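Trainee: Hi, I've just opened a new model and could use a guided tour. Can you walk me through it?
Mentor: Sure, bring it up on the screen and ask away.

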Number of protein chains: 2
Amino acid sequence: MQELQLLIQQLKEKGVKVTPQRQAILSSFLGPENKHLSAEDIHLAIAKTYPTISLDTVYRNLGMLRDIGILRELNLGERRVHYELTSNIHHHHLICTQCGDAQEIHYCPLKFLDQDKVNKFKILSHSFEIFGLCEKCTKKGGLL
Amino acid sequence: MQELQLLIQQLKEKGVKVTPQRQAILSSFLGPENKHLSAEDIHLAIAKTYPTISLDTVYRNLGMLRDIGILRELNLGERRVHYELTSNIHHHHLICTQCGDAQEIHYCPLKFLDQDKVNKFKILSHSFEIFGLCEKCTKKGGLL
DNA sequence: ATAGTAGATAAGAAATATTCCTATTTAAGA
DNA sequence: TCTTAAATAGGAATATTTCTTATCTACTAT
């Protein structure tokens, strides 16, 4: 898969080793759907083809991939942290608190932020997530 | 303290008992500074005057106070969840990833959000936090 | 003021998520 | 192929939050 090769190239450029575990972790983010994965999600997804991978390895690599800029950490209102590829075009999320579904929304609040409000603060990153009920769950009347 | 009486009034209206533990928890949010407190912060703060309060009681009540709308849950990018009074005027935060300080910013992204982007999603709440370096930490050169 | 009761609490156990430790293994350069 | 710094597996440890249960208490109706 070509997309995977690009990511592997980035690993090499950063001077980190290209291990099969890392390739498996990266692969789990590829594919048609927009993937917002937790460490546990990845551990399970990989388990099929790589049953001996340790959860610690997943965590360690997610942290490393975040640090070198390949992944972005997401707070989707759950206890566990999720990750997505930074190469996806920038977006935020509409998160259904009922079914957990996260739709992407292509609106970024930083665009409309008056720099005076920020003053001397050096912005490095931001999070913006909208919580509520998706169309499906609204139709179900918001009941569980 | 008058502010505390108002909060106690809200508890009564919601039909929950006004226990000394609850009063102590609410009190820890009052005062001049803008308080963003974790369960542990509150447990420690209360310990002076109420040494036997259990951490579980703090967690249980924070959840309840959030559910009845007195507190709002915050994700400040740390592992633990923080809370603030919803009666504070609506705001978001500039969070320093170095020293952990959280300044309030009075700009809300929902104001500029085109409703078409949201379509049939029913918005219930949102989070918007900006991470980076505060003026002090920037001057220190971003070193620890 | 008193008693009854639903709801609240304390304390510790359990669950969940993440990180640490260390012996072993391996990717990649010489 | 050899070397070695970096990475891994597996289990232990930590941190945060929730659960369980026996006891207690704020509030309501007397």
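Trainee: How far apart are the C-alpha centres of domain 1 and domain 2 of chain A?
Mentor: They lie 23 Å apart. Keep in mind that this is a predicted model.

Trainee: Where does each of those domains run in chain A?
Mentor: Domain 1 covers 2-85, and domain 2 covers 92-139.

Trainee: And how many residues does each domain bring to the contact?
Mentor: Domain 1 of chain A puts in five residues, and domain 2 of chain A puts in eight residues. On the domain 1 side, the residues touching domain 2 are one nonpolar and four polar, with no charged ones.

Trainee: Let's zoom out. How many helices and strands does chain A have?
Mentor: Chain A has six helices and six strands. Going along the sequence, the order is α-α-β-α-α-β-β-β-β-α-β-α. As for dimensions, the C-alpha atoms of chain A fill a box of roughly 45 × 45 × 25 Å along the principal axes.

Trainee: Now the partner. How many residues of chain A are in contact with chain B?
Mentor: 28 residues of chain A are in contact with 28 residues of chain B.

Trainee: Which elements of chain A each supply at least two residues there?
Mentor: Those are helix H5 (115-118), strand E6 (122-133) and helix H6 (135-139) of chain A. E6(A) gives the most, with 12 residues.

Trainee: What's the mix by class on that side of chain A?
Mentor: The side of chain A that touches chain B divides into 15 nonpolar, seven polar and six charged residues.

Trainee: OK, on to the DNA. Which residues come nearest to strand C?
Mentor: Val18(A), Asp56(A), Thr19(B), Gln21(B) and Thr57(B), out of 25 residues around DNA strand C. By class, that surface has eight nonpolar, nine polar and eight charged residues.

Trainee: Which helices each supply at least two residues near strand C?
Mentor: From chain A, helix H4 (55-67) does. From chain B, helix H2 (20-27) and helix H4 (55-67) do.

Trainee: And how many residues surround strand D?
Mentor: DNA strand D has 26 residues around it, and the closest are Thr19(A), Gln21(A), Thr57(A), Val18(B) and Asp56(B). Two or more residues each come from helix H2 (20-27) and H4 of chain A, and from H3 and H4 of chain B. The surface near DNA strand D divides into eight nonpolar, nine polar and nine charged residues.

Trainee: Those chain B helices keep coming up. At what angle do H2(B) and H4(B) pack?
Mentor: About 70°, with their axes 10 Å apart. H2(B) and H4(B) are therefore roughly perpendicular to each other.

Trainee: Which residues meet there?
Mentor: Gln21(B), Arg22(B) and Ile25(B) in H2(B) meet Thr57(B), Val58(B) and Asn61(B) in H4(B). That contact has two nonpolar, three polar and one charged residues. You've already seen Gln21(B) and Thr57(B) among the residues that come nearest to DNA strand C.

Trainee: What about H3(B) against H4(B), at what angle do they pack?
Mentor: Helix H3 (residues 39-47) of chain B and H4(B) pack at about 125°, and their axes are 9 Å apart. That makes H3(B) oblique to H4(B). Their crossing is right-handed.

Trainee: Who makes that contact?
Mentor: H3(B) brings Ala39(B), Ile42(B) and His43(B), while H4(B) brings Leu55(B), Val58(B), Tyr59(B) and Leu62(B). By class, the contact of H3(B) with H4(B) has six nonpolar residues, one polar and no charged. Val58(B) also sits in the H2(B) contact.

Trainee: Last pair: how do H1(B) and H2(B) pack?
Mentor: Helix H1 (residues 2-14) of chain B and H2(B) pack at about 130°, with axes 10 Å apart. They are therefore oblique to each other. H1(B) and H2(B) make a right-handed crossing.

Trainee: And which residues are involved in that one?
Mentor: From H1(B), they are Leu4(B), Leu7(B), Ile8(B) and Leu11(B). From H2(B), they are Arg22(B), Gln23(B), Leu26(B) and Ser27(B). Sorted by class, the contact of H1(B) with H2(B) has five nonpolar, two polar and one charged residues.

Methods
Residues numbered from 1 in each chain as written. Chains lettered and ligands numbered in written order. Predicted model: local features only at pLDDT ≥ 70, side-chain atom pairs only at ≥ 80, totals over all residues. Near = placed C-beta within 6 Å. Helix = DSSP H or I, 4+ residues; strand = E, 2+ residues; numbered from the N terminus. Nonpolar A, V, L, I, M, F, W, Y, C, P; charged D, E, K, R; others polar. Axes fitted to C-alpha atoms, helices over the stretch in contact; angles between N-to-C directions. Parallel < 35°, antiparallel > 145°, perpendicular 65-115°, else oblique. Left-handed = near helix turned anticlockwise from the far one by under 90°. Contact = placed C-beta atoms within 7 Å. Domains from an automatic or database assignment.
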